[in-house]
Amino acid sequence: TKEVEKSKVKCANYWPYYDNIESYGPFVIKNVEEKETKDYTLREFLISKNKSEERRIYHYHFKAWPDHGVPENTEPVVAMLRAVRTWSNEPDKPWIVHCSAGIGRTGTFIGIDIGVHYLTKYSKVNVLELITRLRKQRGGMVQQVEQAEFVYKCLERYGIVLNEHRKRRTEQDTANVSNMTPQVSTSSNAPEIVLEAAIQKAESVVPQGFVGPYDVNENDEGG
């Protein structure tokens, strides 16, 4: 989320600018580094409480999500998600995810992350059930139909890439085994990833029965 979209304030600039220090009650935050990519900014903060207990926080700020729409390509969102997971993939170090209203873009990002986990671990995912579960936990998560489609597209693309990676790895493992023990015959067919029919048709399929509890115009979060 950008701070301002179409002349409307969407998010407060709650962090200090690069090389600046801000105090918020007992907390002191210093912005020690910023790195710009085409689609997002990575900031590094040093946060201390009462001049002790210093912690290092990384702030991923995605800025290529257009107002009233979704990104044209899935790669930038998945790339940032991969970067975040690379830095922090431990349950005891939870993320904080937000946009403006905290349901549209936030729900979409979280939905993609959960779907990636399911594809990696179980080789399949039911996106409609995933979105339904998110909405039971917080009303309006994945706010717009276009955002639901975007979740499908991201997971479809990830599933294809994951399948190709597993095939290459299986073929390499098979070649290694064959070289070590020529008498052993091992199948080189990698297990296929089973994706839901809706994911296979992500360009045109919207989850049946997908209805948001919020009116987009009245509770729009620009995403």
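Which exposed residues does the face of α3 turned away from its buried side carry? The points below, written about a predicted model, begin with that helix and then move to the strands and loops.

1. The face of α3 that is turned away from the buried side carries Glu129, Lys136 and Gln137, and these residues are exposed. The buried residues in α3 are Val127, Leu130, Ile131, Leu134 and Arg135. When one looks down the axis of α3, these buried residues fall within an arc of 130°, so they line one face of the helix.

2. At the start of α3, the side chain of asparagine 126 deserves a look, since one of its oxygens reaches to within 3.2 Å of the backbone nitrogen of leucine 128.

3. Strands β3 and β4 (residues 27-36) run antiparallel and are joined by four bridges, and in this pairing isoleucine 21 stands opposite lysine 30 in β4. The two strands form a hairpin with two residues between them, and in the turn glycine 25 has a positive phi of about 60°.

4. A positive phi is also found at aspartate 19, where the angle is about 65° although the residue is not a glycine. Aspartate 19 is located in the loop that runs between β2 (8-9) and β3 (21-24).

5. Valine 142, which is likewise not a glycine, has a positive phi of about 60°, and this residue lies in the loop between α3 (127-137) and α4 (145-180). Is valine 142 buried or exposed? With a relative accessible area of 0%, valine 142 is buried, because the term applies to residues under 20%.

Methods: Residues numbered from 1 in each chain as written. Predicted model: local features only at pLDDT ≥ 70, side-chain atom pairs only at ≥ 80, totals over all residues. Heavy atoms only, no water. Buried < 20%, exposed > 50% of the residue type's maximum accessible area, 1.4 Å probe, protein only. Pairing = 2+ DSSP bridges. Arc of directions from axis to C-beta. Polar contact = N/O pair within 3.5 Å; in protein donor to acceptor, adjacent residues only side chain to side chain.
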